[in-house]
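This briefing covers two helix packings, the surroundings of a ligand and the confidence of the model. The sequence and structure come first.

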Amino acid sequence: MVITVGLVGNPNVGKTSLFNKLVGARQYVANWPGVTVTRVEGATTYKEHTLHFIDLPGIYTLSATSIDERVARNFLLYTPPNVTVVIIDSLSPEQGISLLLETLELNLNVIAVFNAIDEAKKNGIKIDKSSLETHLRVPVVLTSAHTGEGIEQLFETILATFKKTNRAKLLDYGPEIESKVSELENCFDDIYNKRFLALKLIEGDKFARELLKKDVDVSSILDGSASNLAVKIAKTRYDYALNVLNSAMRKNENVLTSMEAIDHVFTHKYIGIPIFFALMYLAFNFTFKASEPLVGLIEAGFQKLTDVIGSSTMLTSLISQGIINGVGSVISFIPSIFALFFALGIMEESGYLPRIAFLMDKAMYSLKLTGRSFMTLLLGFGCNVSSVMAARGLSDERERVTTILVSPFVSCSARIPVYLMIIGIAFPNHKAEAFFVMYLLSIALTALSARIINKVVMKGESIPLVMELPRYRFPSLSNVATYMWNRGKHFLQKAGTIILVASIIVWGLSYFPDPTNIENSFAAMIGKGLQFIFAPLGFQWQTVSALLFGGAAKEIIVSSFAQFYGGIENIVIDPVITATLMVFILGYIPCFATLAAIKSETNSLKYPIISVVYSLFISYVLALCVAVVGRMIL
Ligand SMILES: Nc1nc2c(ncn2[C@@H]2O[C@H](COP(=O)(O)OP(=O)(O)OP(=O)(O)O)[C@@H](O)[C@H]2O)c(=O)[nH]1
Ligand SMILES: [Mg+2]
């Protein structure tokens, strides 16, 4: 027997954490609202039943506006699961209960889960489960996705609820609203949940209006009083939630955490941003210090292997140069990438990073973006495809497209090995500093691009930020490890696929037609043929060819360099050209995967084309500035 179970709830209440616990998945979890933007499915067996869980984006109400919210609403409306688990935050349950009351209007088989019960206990909050069940008239389970408390019971309750057929009694909104609801119910086809849609219509929802029968006019029923009634509906739900909580929950009002004092400093108007920069710098320092020994070891290992195999024949050259040197050059940076994501994972899980979104909101506002965009863009540090996808969470279409278009300027992790390689060559004693500067430049270029795009492509007004700040949480090691793994594994997958294939192609292009001299190779011919375009930047053919091949995926730049010079340690480039190259790489064309994501998310070819043309243009101009100024100084 297959039972479908939908996990719904407000943002950041732990839906994905519970999903991971229930089905043993490793979906991305983070301490800020809006992490999940698509539905994610997973199955498990419990007592001979197959339980098919669906994790959904967070919603505050079923009146969805942004794309991700619509995913959750449409799922419940059009493909209702056998059991709907509404997950509520035990520390601030008001809004969660309001949502629960709405889902009950959809006639769903509902279970109320009060999650993060571990934190509630620590804060002295007492929850009376049976009192909640009496008031809410649905089964209640208290869980902790961190400790695993209540998970077994949730499984049991799902089985028990699935078998039940009687639905909970719905809220009564008073005679005025109820009479309008009965009138409006006739305006919808029988296939829909009419009461739910009638209420939504009064609440002013566009989608309910779209589902009206053809040619019905509801304006006489929804006269001028509709907005008053909408407030009344929300208030009825909220008051009911408060009443329930008054009788079923005891809060310890005196708990004042020391985190509040620290938070005051972290989010301070003037010192907040310098503290953020200092922490980022520390994170980069940690990245290098923690990973250096392992990076050295891996490099030495690969070096030994290439020496042993040699490259006297075509086959040995393919293995030692094409595969080991080409792919190995990228793999050797993996410890640094993992270390960086470990540090960023702690910042994100603790709830610190979303606060930076707030600090940045003012600056973002002048770019006609919001702090929510900042959080979306932050995902781009892992992979630009993630931030392009996560832009679904932005309800304003103009802001969404702008965020998609500027996403490629966020320095994704594929660029990390490239920077590490170049920094290692040019600034071996100031790695963390150089890395820090690259990240600052990346942020500046993203901001500049947002400004330009808003002026030229997407005109419009900005909308204010509405984002709930998550509470500070002590990052669990397993969550940080999952975070690190989820972001870093991308590399391992790419190393075995696209980078391997590209390295072999690059090897072929550098081996033929004259294996004795790379200067006569096809790679050299291509590079030299295009060199005139990059002459003002001072790039040699090796750089030109590497940039060309790296268009598919940035790591290929490293692999190409390693092959053209017979190992990264043999590369010599002058400092001005190094700096020029780094700035050029910062912005030049999004990789294929990102372009494909831009196309699918905007549903048009126009935006990927704009993205390619604009990024080539801006990075060329900026690199040229660096080249000119650099030559003047040195
Ligand atoms: N202490 C504690 N923390 C939890 C628990 N459940 C989730 N968290 C933390 O809460 C944060 C949000 O968890 P997610 O699972 O991403 O929440 P979500 O509801 O899926 O969030 P969105 O996808 O943004 O709507 C993370 O930092 C989790 O580690 C819990 O039971 N106890
Ligand atoms: Mg989630």
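Helices α13 and α25 cross in a right-handed sense. In this predicted model, α13 spans residues 314-331 and α25 spans residues 555-564. A second packed pair, α20 with α26, also has a right-handed crossing.

**Packing of α13 and α25**

- The two helices pack at an angle of about 130°, and their axes are 8 Å apart.
- Angles from 115 to 145 degrees fall outside the perpendicular and antiparallel ranges, and α13 and α25 are therefore oblique to each other.
- On the α13 side, the contact is made by Gln321, Gly322, Asn325, Gly326, Val327, Ser329 and Val330.
- On the α25 side, Glu555, Val558, Ser559, Ala562 and Gln563 make the contact.
- By class, the residues of this contact divide into 7 polar, 4 nonpolar and 1 charged.

**Packing of α20 and α26**

- Helix α20 covers residues 431-456 and helix α26 covers residues 575-587.
- Their axes come within 10 Å and cross at roughly 45°.
- That angle makes α20 oblique to α26.
- Helix α20 contributes Met438, Leu441, Ser442 and Leu445 to the contact.
- From α26, the contact residues are Met582, Val583, Leu586 and Gly587.
- The contact of α20 with α26 has 6 nonpolar and 2 polar residues, and no charged ones.

**Surroundings of ligand 1**

- Ligand 1 is surrounded by 27 residues.
- The closest of them are Gly14, Thr16, Asn31, Thr36 and Gly58.
- Two elements, α1 (15-23) and α4 (117-122), give two or more residues to this shell.
- Helix α1 supplies the largest share of the shell, 3 residues.
- In the shell, 13 residues are polar, 9 are nonpolar and 5 are charged.

**Confidence**

- The protein has an average pLDDT of 87, and 96% of its residues score at least 70.
- Confidence is highest in strand β7 (residues 140-142), with a mean of 97.
- Helix α15 (residues 353-366) has the lowest confidence, with a mean of 75.
- Where pLDDT is low, the predicted coordinates should not be read in detail.

Notes: Residues are numbered from 1 along each chain as its sequence is written. Chains are lettered from A and ligands numbered from 1 in the order in which they are written. This is a predicted model: local features need pLDDT of at least 70, side-chain atom pairs count only at pLDDT 80 or more; totals for chains, interfaces and linings use all residues. pLDDT is the predictor's confidence in each residue, from 0 to 100. Helices (H or I, at least four residues) and strands (E, at least two) are DSSP runs, numbered from the N terminus. A residue is near a molecule or strand if its C-beta atom, placed from the backbone, lies within 6 Å of it. Ala, Val, Leu, Ile, Met, Phe, Trp, Tyr, Cys and Pro count as nonpolar, Asp, Glu, Lys and Arg as charged, and the others, Gly among them, as polar. Axes are lines fitted to C-alpha atoms, for helices over the stretch in contact, and angles run from 0 to 180 degrees between N-to-C directions. Angles under 35 degrees count as roughly parallel, over 145 as roughly antiparallel, 65 to 115 as roughly perpendicular and the rest as oblique. A crossing is left-handed if the near helix is turned anticlockwise from the far one by less than a right angle, and right-handed if clockwise. Two residues are in contact if their C-beta atoms, placed from the backbone, lie within 7 Å.
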